[in-house]
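Hi,

Here is the structure I promised you. Have a look at it first, and then read my notes underneath.

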Amino acid sequence: MTESPSLSSPRVLAVGPFVESCSRLRRLHPEYPRVYAVAAVAEEGRRRWWQLADGARNGRIDLMYSRAAAEMPTAQRAADVVSMSLIHAVVGRVVALLVLEGRAWDPGLENLWVHNDNDGGIDWAGVADTTLRVLPDDRQAGSEGTVVLPCEEALVVWIAHRCVTALSEIADRLEACPGFDRERLWGMVGEAVSGASTYVPILARTSEKVGARRGQAVIDVLATSGHPVRRKGVA
């Protein structure tokens with residue numbers, strides 16, 4: 001099988017900071033190691049993997065909704081299930097890494113891939129480019145596979161911007177689905193950030209104060225950019 005050009009970037013690494021970070025993310029939930037970690041897609045087989053950018057443009061997300069609608073009691077519930085799955089792939093996983101280590105892979109739509117389970121749901125995510133953005137005091141700062149950002153604020157702004165770009169295109173695709181509400185999606189984004197920043201420090205036994213600060217910083221940037229991530233009662 002010919003390898004997709006989008007997966008053949010020379011920046012994809014087999015070892016290094018990315019492997020280190022994902023190993024730690026897998027250990028957060030040993031019984032469910034894929035909950036927060038992502039894969040280096042270049043090292044995976046192609047079966048059931050698809051690029052999120054393609055899915056937002058070629059009907060894959062529509063198919064996810066159709067399958068959910070066939071199983072859920074209401075159109076809104078189906079839209080929520082699909083939205084939450086995609087939000088976790090884009091936002092939940094990278095915020096978990098931010099909270100855990102002050103690092104981030106690129107959560108942009110073109111870089112993210114998702115893996116379907118037997119029922120067509122998303123059970124894993126991956127990235128084509130495994131380069132991590134890190135802070136100056138990171139012990140891997142400057143090593144191969146990293147880009148050093150000047151401060152935590154810069155890292156948070158970069159993550160939020162990349163997530164907004166991806167989620168906005170996903171929302172555009174979901175707009176045609178019955179039961180979907182864009183404002184509701186952004187409320188779920190806020191809950192995903194709050195959830196990761198609350199539970200990851202507990203699972204990792206790291207500073208809950210640092211986790212809360214980083215999560216709140218992401219929410220602040222998203223809210224300042226005009227997205228209603230603080231809306232209550234989205235569940």
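Helix 4 (residues 75–101) packs against helix 6 (residues 182–204) at an angle of about 40 degrees, and their axes are 8 Å apart. Keep in mind that this is a predicted model. An angle between 35 and 65 degrees falls in the oblique range, so helix 4 and helix 6 are oblique to each other. The crossing of helix 4 past helix 6 is right-handed.

Who meets whom there? On the helix 4 side, the contact residues include Met-84, Ile-87, Val-91 and Val-95. Helix 6 brings in, among others, Leu-185, Met-188, Val-189 and Val-193. By type, the residues of this contact split into 16 nonpolar, 4 polar and 2 charged.

Helix 4 also lies across strand 3 (112–116) and strand 4, and runs at about 40 degrees to strand 4.

Those strands bring me to the sheet. There is an open sheet of 4 strands in the order 1-4-3-2, and its pairing is mixed. Strand 1 (39–40) and strand 2 (49–51) are the edge strands, each pairing on one side only. Strand 1 runs parallel to strand 4 (residues 122–127), and 2 bridges join them. Ala-39, for example, has Gly-126 in strand 4 as its bridge partner.

One cysteine to finish with: Cys-151 sits in the loop between strand 6 (146–148) and helix 5 (152–174). Is Cys-151 buried or exposed? Neither, quite: its relative accessible area is 32%, so Cys-151 counts as partly exposed. Leaving aside residues up to four places away in sequence, Cys-151 touches Leu-135 and Pro-136.

Cheers

Definitions and conventions
Residues are numbered from 1 along each chain as its sequence is written. This is a predicted model: local features need pLDDT of at least 70, side-chain atom pairs count only at pLDDT 80 or more; totals for chains, interfaces and linings use all residues. Side-chain values use heavy atoms; hydrogens and water are left out. Axes are lines fitted to C-alpha atoms, for helices over the stretch in contact, and angles run from 0 to 180 degrees between N-to-C directions. Angles under 35 degrees count as roughly parallel, over 145 as roughly antiparallel, 65 to 115 as roughly perpendicular and the rest as oblique. A crossing is left-handed if the near helix is turned anticlockwise from the far one by less than a right angle, and right-handed if clockwise. Contact means heavy atoms within 4.5 Å. Ala, Val, Leu, Ile, Met, Phe, Trp, Tyr, Cys and Pro count as nonpolar, Asp, Glu, Lys and Arg as charged, and the others, Gly among them, as polar. Buried means under 20% relative accessible area, exposed over 50%, partly exposed in between (1.4 Å probe, protein chains only). Two strands pair if DSSP finds at least two bridges between them.
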